[in-house]
Amino acid sequence: MASKSLWMDIQVSADAPQLEGIAECDVAIIGSGIAGISTAYELCKRGLSVMVVDRGRICGGMTSRTSAHLAPLCDDLVSEMTKVRGREASKLFWESQAAAVDRIEEIQKDERIDCDFRRLDGYLFQGRDMPSETIDQEMDAVREVGAPVHRLVGVPFNGCADRHALRYPRQATFHPLKYIAGVAKACGHSGVTFFSESPVEEVSEDNGIVTVKTARGSIRARHAVVATNSSISDRFAIHTKTAPYRTYVITFEIKRGALPDALYWDTEDPYHYVRLQPGPTNSDYVLVGGEDHKSGEANDADERFKKLETWARNLISGLGTETHRWSGQVLDTIDYAGFIGRDTGSKNIYVAMGDSGQGLSHGVAGAMLNTALILGEDHPWTDLYAPGRIPLKAAKNFVTENATALKSFAEYVAPGELGSLDDLKRGQGAIVRRGLEKIAAYRDDSGALYLYSASCTHIGCHLHWNSFETCWDCPCHGSIFDVGGQPINAPAIGHLHKVEG
Ligand SMILES: Cc1cc2nc3c(=O)[nH]c(=O)nc-3n(C[C@H](O)[C@H](O)[C@H](O)COP(=O)(O)OP(=O)(O)OC[C@H]3O[C@@H](n4cnc5c(N)ncnc54)[C@H](O)[C@@H]3O)c2cc1C
Ligand code: FES
């Protein structure tokens with residue numbers, strides 16, 4: 001089965017034109033995922049003129065690949081976050097993420113967006129062979145930050161009657177693309193202009209004016225918000241504090257009522273995550289996710305889906321046929337909060353980068369925070385998410401995550417995966433060595449060859465083939481390139497360098 005998420009049939013602002021010529025507005029937003037569109041919404045409601053520009057179609061990035069659990073407590077465990085950031089920051093983090101979920105609830109109500117939004121319980125449960133102490137420690141940490149939590153034994157999965165668990169009330173979930181389509185429509189009614197298929201090549205500021213440049217046009221604005229999932233304006237520092245992980249989701253039909261409607265995730269590392277989505281008459285979809293690995297460090301999606309399916313069929317009775325499977329990328333920051341606020345060294349450029357499995361609530365929290373900063377208002381979350389922060393207590397995570405770059409550069413001296421281009425089959429991608437050069441080679445179904453340098457155009461790490469998504473992944477900071485060499489996920493801006501056959 002090819003990669004396609006449960007949400008991708010919904011088109012957001014499908015008629016958005018390309019950016020051509022010079023346009024002007026108060027705020028230019030680069031990126032049209034949940035972070036960009038939520039920011040456009042907050043700003044236009046405060047009376048500012050806004051333009052949103054995306055390299056591809058509107059909301060075709062990671063937001064269209066999410067699983068959409070809206071769970072405000074730190075998903076890397078509150079106990080871990082408290083160790084690195086302290087209790088006060090952990091508390092503020094939970095409050096800010098909960099405020100973002102409240103804001104989603106409010107917006108879908110105000111704008112009458114039919115997006116299956118609902119409040120429900122969330123269960124963190126003891127993974128197989130994992131110690132129950134993790135649950136005890138987590139309960140203490142959650143109580144310390146003041147969030148509602150209940151201790152219990154047993155969750156409604158097969159063989160899990162004795163698993164220790166925490167129940168968090170008032171979590172939420174929704175259909176992410178129905179929601180975004182509704183928010184984009186409301187933005188359109190308030191004068192926001194969307195531009196699609198317009199990759200931004202440069203964001204610069206001079207004399208209080210920010211210029212956002214694409215190949216065929218530019219936007220001149222008083223402010224810009226870079227909401228490209230991984231920042232394209234801060235080219236280096238922020239990326240040393242972030243690591244990309246690929247995560248996998250598979251969905252099955254299930255009879256409505258067979259599994260209580262709740263969010264579920266376990267204490268394994270990486271954790272499994274489960275939720276329901278209303279399906280056709282009397283049926284639901286169960287989404288089961290996990291099997292994460294550092295981006296580019298595995299190319300075995302079939303194995304990972306098989307493991308997810310086995311895990312799901314063992315635990316959940318009555319699973320029907322598989323309906324969808326897909327993967328995507330999340331960014332883990334070394335101190336468990338995203339980077340939101342004024343870009344380091346800039347006056348009028350702001351960044352919004354989420355964290356891990358909480359990127360949706362980060363997108364909305366980022367919209368609230370950046371809007372306040374643009375309007376010159378003080379905001380209590382400014383320091384918590386400051387892009388320039390140096391998290392000293394996260395030094396161990398910093399060293400572990402940045403070892404990837406060293407490993408990646410060392411790969412340039414290793415042999416290619418295939419001896420010659422003649423060995424490349426149709427539909428296959430592989431790294432081939434030619435003299436000192438490493439080539440990212442792909443042969444399409446008609447036999448045509450696509451040859452590019454295997455060096456990522458961000459800062460040069462060595463690319464890896466992803467056969468399930470048919471793309472090149474960069475293990476260092478999350479850039480992804482299509483087989484034609486075009487970047488499809490930031491931070492890379494430039495096309496891969498073409499190599500002659
Ligand atoms: C499988 C999976 C499960 C997840 N589960 C959850 C969950 O349960 N809960 C949760 O909160 N989060 C979850 N996340 C994370 C969350 O979905 C993402 O963090 C979030 O959607 C990112 O939103 P964004 O707006 O920052 O980025 P995106 O949605 O990726 O949007 C960024 C946009 O910027 C555009 N762009 C990039 N570069 C340029 C450029 N040079 N010029 C113009 N445009 C550009 C891209 O085309 C893209 O449209 C999950 C993610 C995945 C993949
Ligand atoms: S994403 Fe930074 S080097 Fe590739």
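Trainee: Where does Arg112 lie?

Mentor: In this predicted model, Arg112 lies in the loop between helix 3 (87-110) and strand 4 (118-125).

Trainee: Why is Arg112 called exposed?

Mentor: Exposed means over 50% relative accessible area. Arg112 has 77% relative accessibility, so Arg112 counts as exposed.

Trainee: What is the phi of Arg112?

Mentor: Phi of Arg112 is near 50 degrees, which is a positive value in a residue other than glycine. Leu77 is not a glycine either, and has a positive phi of about 90 degrees. Leu77 is found in the loop between strand 3 (69-70) and helix 2 (78-85).

Trainee: Why is Gly289 called buried?

Mentor: The cut-off for buried is under 20% relative accessible area. Gly289 has 0%, so Gly289 is buried. Its place is in strand 14 (residues 283-294).

Trainee: Which residues does Gly289 touch, not counting residues up to four places away in sequence?

Mentor: Gly289 touches Tyr248, Val249, Tyr271, His272, Tyr273 and Leu308. Contact here means heavy atoms within 4.5 Å. As for Trp465, 176 residues apart from Gly289 along the chain, the two C-alpha atoms are separated by 22 Å.

Trainee: What makes the chain as compact as a globular protein of its length?

Mentor: First, the make-up: the chain has 9 helices and 24 strands. The radius of gyration of the chain is 22 Å, and the globule rule gives 23 Å for 501 residues; the two values are close, so the chain is as compact as a globular protein of that length. Along its principal axes the C-alpha trace spans about 60 × 55 × 50 Å.

Trainee: How many of the 501 residues, as a percentage, are buried?

Mentor: Buried residues make up 59% of them. Among contacts with a separation of 6 or more, 69% come from residues 24 or more positions apart.

Trainee: How do you know that strand 8 and strand 9 pair?

Mentor: Two strands pair if there are at least two bridges between them. Strand 8 (residues 200-206) and strand 9 (residues 209-214) are joined by 6 bridges, so they pair, and they run antiparallel. Val200 stands opposite Thr214 in strand 9. Their hairpin has 2 residues between the strands, and Asn207 takes a positive phi near 50 degrees there.

Trainee: Why are strand 21 and strand 24 called edge strands?

Mentor: Start with the sheet: 4 strands form an open sheet in the order 21-22-23-24, with antiparallel pairing. Strand 21 (464-466) and strand 24 (487-489) each pair on one side only, and these are the edge strands. Strand 24 is joined to strand 23 (residues 480-481) by 2 bridges, and Ile480 stands opposite Asn489 in strand 24.

Trainee: Which peptide bond is cis in the segment after strand 24?

Mentor: The bond from Ala490 to Pro491 is cis, with omega near 15 degrees, and Pro491 is in that segment. A cis peptide bond also joins Asp269 and Pro270, where omega is about 0 degrees. Pro270 sits in the loop between strand 12 (263-266) and strand 13 (273-278).

Trainee: What lines the second largest pocket?

Mentor: This pocket has a volume of about 250 Å³ and is lined by 13 residues, with Ala181, Gly182, Ala184, Lys185 and Ala186 nearest its centre. Helix 5 (residues 176-189) gives the most to the lining, with 7 residues. By kind, the lining divides into 6 nonpolar, 4 polar and 3 charged residues.

Conventions
Residues are numbered from 1 along each chain as its sequence is written. Chains are lettered from A and ligands numbered from 1 in the order in which they are written. This is a predicted model: local features need pLDDT of at least 70, side-chain atom pairs count only at pLDDT 80 or more; totals for chains, interfaces and linings use all residues. Side-chain values use heavy atoms; hydrogens and water are left out. On a 1 Å grid over the protein atoms alone, a cavity is a set of points where a 1.4 Å probe fits but cannot get out, and a pocket is an open set with protein on both sides within 12 Å along at least five of seven lines; lining residues have an atom within 4 Å of a point. Grid points are joined across faces, edges and corners, and a volume is the space filled by probe spheres set on the points. Ala, Val, Leu, Ile, Met, Phe, Trp, Tyr, Cys and Pro count as nonpolar, Asp, Glu, Lys and Arg as charged, and the others, Gly among them, as polar. The radius of gyration is taken over C-alpha atoms; the globule rule is 2.2 Å times the number of residues to the power 0.38. Buried means under 20% relative accessible area, exposed over 50%, partly exposed in between (1.4 Å probe, protein chains only).
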